[in-house]
Amino acid sequence: MAASLSVSRLLLSSPTALAISTKTSLFPTAKTLSSKPSFASLPVKLHHQPKPLKFSTTTKSTISAAISVGDKLPEATLSYFDPAGELQTTTISDLTKNKKAILFAVPGAFTPTCSQKHLPGFVEKSNELKAKGVDTIACISVNDAFVMKAWKENLNINDEVLLLSDGNGDFTKGIGCELDLSDKPVGLGVRSRRYALLAEDGVVKVLNLEEGGAFTFSGAEDLLKAL
């Protein structure tokens with residue numbers, strides 16, 4: 001009976017203390033922890049911490065193709081309309097065998113940069129390029145031959161540059177230069193990245209490959225400097 005009364009008095013006399021004791025022991029709160037924890041006693045060495053990952057953003061890592069300088073160009077058949085309006089075909093070997101050839105590609109006929117800068121630049125500099133020993137200058141695009149013919153007529157191009165259709169993208173895929181524009185509302189689908197290359201007897205000597213459709217170093221002036 002005395003023990004029971006002692007417990008009762010303890011509960012009645014100090015309920016707060018008992019509640020805090022119970023709460024503290026089972027569920028520690030922020031108040032029961034130091035607001036300024038000290039790590040001075042921990043043997044932390046910063047130079048042993050793992051370094052953050054770094055992802056390369058260099059041109060070399062983002063701009064790549066199956067073809068590179070020193071490689072032989074893959075064979076492919078391209079089409080075009082001759083001056084008489086007859087559909088003709090030619091091959092990469094026809095264009096490059098025992099010749100010094102410049103092949104440059106555009107993402108699409110009639111597109112602004114291709115029509116206003118890239119193709120006209122090669123037309124304008126065609127005589128200078130040929131004076132430096134270039135036998136063939138050809139523009140390649142993943143467009144059908146009818147579109148390439150209309151583009152040539154629209155820009156009043158004669159025989160300065162040969163406009164070639166890689167309609168199914170066989171050559172473009174062969175050198176690993178596909179450009180997927182399927183997400184663009186204009187509906188271009190899969191085209192070619194912009195580039196300009198110099199090949200001698202079918203072997204790549206210079207390859208200026210742009211990122212996507214950018215136009216920074218694949219123009220006629222750039223190839224003139226490389227010759």
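Biologist: Why is Thr172 called buried?

Modeller: In this predicted model, Thr172 has a relative accessible area of 2%. Buried means under 20%, and 2% falls under that cut-off, so Thr172 is buried.

Biologist: Where does Thr172 lie, and what does Thr172 touch?

Modeller: Thr172 is part of helix H8, which covers residues 170-174. Leaving out residues up to four places away in sequence, Thr172 touches Val142, Asp166, Cys177, Glu178, Arg191 and Ser192. To count as a contact, heavy atoms must come within 4.5 Å.

Biologist: Let's turn to Cys114. How do you know that "active site" goes with Cys114?

Modeller: That label comes from UniProt, where an unreviewed entry lists Cys114. Such annotations may be inferred rather than shown by experiment, so please take the label as the record's own statement.

Biologist: Fair enough! Is Cys114 buried or exposed, and what makes you say so?

Modeller: The relative accessible area of Cys114 is 1%. Set against the cut-off of under 20%, that value makes Cys114 buried. Cys114 is found in helix H5, residues 112-124. Not counting residues up to four places away in sequence, Cys114 touches Val106, Pro107, Gly108, Leu119, Pro120, Trp151 and Arg194.

Biologist: And Thr216: what makes you call this residue exposed?

Modeller: Exposed means over 50% relative accessible area. Thr216 comes out at 58%, so Thr216 is exposed. Thr216 lies in the loop between strand E9 (203-209) and helix H9 (220-226). Apart from neighbours within four places in sequence, Thr216 is in contact with Glu210 and Asp222. From Thr216 to Arg194 the C-alpha atoms are 9.8 Å apart in space, with the two positions 22 residues apart in sequence numbering.

Biologist: Now the empty spaces. How many cavities of 30 Å³ or more does a search of the whole structure find?

Modeller: The search finds one. The largest cavity has a volume of about 70 Å³.

Biologist: What makes a space a cavity and not a pocket?

Modeller: In a cavity the probe fits but cannot get out, whereas a pocket is open. The largest cavity is lined by Tyr80, Phe81, Ala145, Met148, Lys149, Lys152, Leu162 and Leu163.

Biologist: How does the lining of the largest cavity divide by class?

Modeller: Six residues are nonpolar, none are polar and two are charged. Lys counts as charged, so Lys149 and Lys152 belong to the charged class. As for where the lining comes from, E1, H7 and strand E5 (162-165) each give at least two residues, with the largest share, four residues, from H7.

Biologist: What does the largest pocket hold, and which residues are closest to its centre?

Modeller: The largest pocket has about 300 Å³ of space. Of its 17 lining residues, Phe81, Pro83, Lys152, Asn158 and Asp159 are the closest to the centre. The lining has seven nonpolar, two polar and eight charged residues. Asn is in neither the nonpolar nor the charged list, so Asn158 counts as polar.

Biologist: Which elements each supply at least two residues of that pocket lining?

Modeller: Strand E1 (77-81), strand E4 (136-141) and helix H7 (145-154) do. The largest share, three residues, comes from H7.

Biologist: Lastly, what share of the protein chain is buried?

Modeller: Buried residues make up 36% of the 227 residues. The secondary structure comes to nine helices and nine strands.

Terms used: Residues numbered from 1 in each chain as written. Predicted model: local features only at pLDDT ≥ 70, side-chain atom pairs only at ≥ 80, totals over all residues. Heavy atoms only, no water. 1 Å grid on protein atoms, 1.4 Å probe; cavity = no way out; pocket = protein on both sides within 12 Å on 5 of 7 lines; lining within 4 Å. Points joined across faces, edges and corners; volume = space filled by probe spheres on them. Buried < 20%, exposed > 50% of the residue type's maximum accessible area, 1.4 Å probe, protein only.
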